[in-house]
Amino acid sequence: MERAKVMWKQLTIPSYQLNENDKNPTLSGRMLSYPYPMQNHFAKECTEVTYRAVLLENEYIRLTVLPELGGRLYSAFDRRSGKEIFYKNAVIRPRLIGTRGAWFSGGVEYNFPISHSPTTSDEVSAQLHEYEDGSASVRLGSTELMTGMQWQVELILRPGAARIEQKITLYNPTPYENRFYFWTNAAVKYDKSMELIYPFDWCINYLTDHYLKWPEYAGLNCQNAREIVMPFETFGKLLKENYFGVYNHADDSGVIHYADRKRVKGAKFFIWGNSPYADAWNAALTEDGSQYIEIQSGPFETQAVYHFMKPHQRMGWREYWCPVFETQGFRCAEKEVAVNYDVAEGKLILKLMAFEALKDCRITVRMGGEAQVIPANLTPERPVEFR
């Protein structure tokens with residue numbers, strides 16, 4: 001089994017560079033950024049910009065991280081399927097969306113202590129680590145100037161594991177209680193065949209003030225991305241399982257988020273929709289008009305909920321991103337394996353995608369009152385099918 005590797009590298013990306021920050025921070029209004037200056041100005045022309053990036057890889061996954069741009073996970077490449085796990089924007093094209101103005105789409109963004117955090121377009125600290133068990137990681141983080149609190153995200157790849165491990169640590173070193181939330185914002189490439197797989201019965205969105213029965217809203221089945229015309233976001237109420245995710249049926253691939261739902265209660269998605277308004281935003285954020293969906297996780301149920309971290313309090317948890325392909329979807333998942341099944345002509349078709357080697361398995365299938373035990377050795381190389 002190969003050791004995971006981590007190293008610094010130079011990466012050139014077409015970018016609309018930020019110009020000089022505004023000298024004075026905003027002191028009122030929605031974009032309250034003090035003591036940070038606003039980042040409202042960027043170049044009108046795209047140029048080739050070379051960034052100092054981190055390359056983290058094992059035999060299955062290759063990650064590219066940009067510490068100079070908030071620690072953004074810019075690329076997560078699945079070496080087995082030859083596909084990007086998340087939406088990779090071909091250009092860094094900021095628009096006035098973030099707390100301080102500049103924000104760009106694509107990859108995975110970490111938000112603390114508010115949404116589109118003040119360091120999303122700033123350089124953050126990055127430390128590379130190699131462990132005795134063959135794992136490797138990059139630790140990203142900073143001291144947030146609004147409150148003096150600290151955040152750290154460690155991205156870990158372990159040998160033989162086809163998943164991204166994400167370890168979050170939050171710390172309040174100050175003598176004051178401070179308000180916060182933390183959300184991981186992952187972009188996935190939009191397709192009209194996209195299925196939003198969120199295991200909850202109730203949800204809430206910004207258009208209503210009460211909980212709704214999932215997945216129906218205003219005559220739409222919100223599990224089907226193609227049916228959502230307008231910009232739309234949904235938060236789940238009481239996740240029933242430890243996973244959620246999306247599956248692109250046209251591309252036969254998807255990604256699963258896994259975490260302890262008692263610790264990570266938040267499960268959200270956002271879509272620009274299918275309209276001229278959405279097309280305008282896609283054109284503004286990209287060079288090719290491509291579209292993405294945001295799938296987000298966090299410790300609180302919605303982004304209207306904040307908690308207070310006590311003086312010198314530390315908190316943390318782990319989350320996992322698991323790429324899946326050639327399974328035609330998934331019905332359930334753990335961090336070790338995803339399962340899909342269907343019945344055709346009275347026969348059960350079972351598909352399993354392992355995220356680590358699972359030897360000497362005994363798969364028990366019950367159908368029509370009868371049980372069958374199937375011996376199997378599962379590996380992360382490819383999914384397996386049983387009939």
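Asn221 touches Pro215, Glu216 and Glu227, leaving aside residues up to four places away in sequence. The model is predicted. Asn221 sits in strand 19, which spans residues 220–221. Its relative accessibility is 19%. Asn221 therefore counts as buried, because the cut-off for burial is under 20% relative accessible area.

A second asparagine, Asn172, lies in a loop. This loop joins strand 12 (164–171) to strand 13 (178–180). Asn172 has a relative accessible area of 0% and is therefore buried. Its contacts, with residues up to four places away in sequence not counted, are Met149, Glu177, Asn178, Met309, Lys310, Pro311, His312 and Gln313. One of these partners, His312, is 140 residues from Asn172 in sequence. In space, the C-alpha atoms of Asn172 and His312 are 5.0 Å apart.

In soluble globular proteins, nonpolar side chains tend to be buried together. The largest nonpolar core in this model holds 65 residues. Phe86, Leu155, Ile164, Phe269 and Ile295 have the most contacts inside this core. Strand 11 (residues 150–157) gives the core its largest share, 4 residues. The surroundings of Ile295 were examined further. Ile295 touches Phe269, Phe244, Val246, Val255, Ala186, Val188, Tyr198 and Trp321. Thr184, Asn185 and Lys268 are also among the residues that Ile295 touches. Residues up to four places away in sequence are left out of this list.

The search for enclosed space found 2 cavities of 30 Å³ or more. The largest cavity contains about 40 Å³ of space. Its lining is formed by Arg72, Trp103, Ser105, Gly106, Gly107, Glu109, Asn185, Ala187, Tyr292 and Glu294. Strand 14 (183–189) and strand 24 (292–298) are the elements that give two or more residues to this lining. By class, the lining of the largest cavity has 3 nonpolar, 4 polar and 3 charged residues. Asn185 lines the largest cavity and also touches Ile295.

The second largest cavity contains about 30 Å³ of space. Leu239, Glu241, Asn242, Tyr243, Phe244, His257, Ala259, Arg261 and Val264 form its lining. The classes here are 5 nonpolar, 2 polar and 2 charged residues. Phe244 is part of this lining and, like Asn185, is a contact of Ile295.

Conventions. Residues numbered from 1 in each chain as written. Predicted model: local features only at pLDDT ≥ 70, side-chain atom pairs only at ≥ 80, totals over all residues. Heavy atoms only, no water. Core = buried A, V, L, I, M, F, W, Y, C linked by side-chain atoms within 4.5 Å. Buried < 20%, exposed > 50% of the residue type's maximum accessible area, 1.4 Å probe, protein only. Contact = heavy atoms within 4.5 Å. 1 Å grid on protein atoms, 1.4 Å probe; cavity = no way out; pocket = protein on both sides within 12 Å on 5 of 7 lines; lining within 4 Å. Points joined across faces, edges and corners; volume = space filled by probe spheres on them. Nonpolar A, V, L, I, M, F, W, Y, C, P; charged D, E, K, R; others polar.
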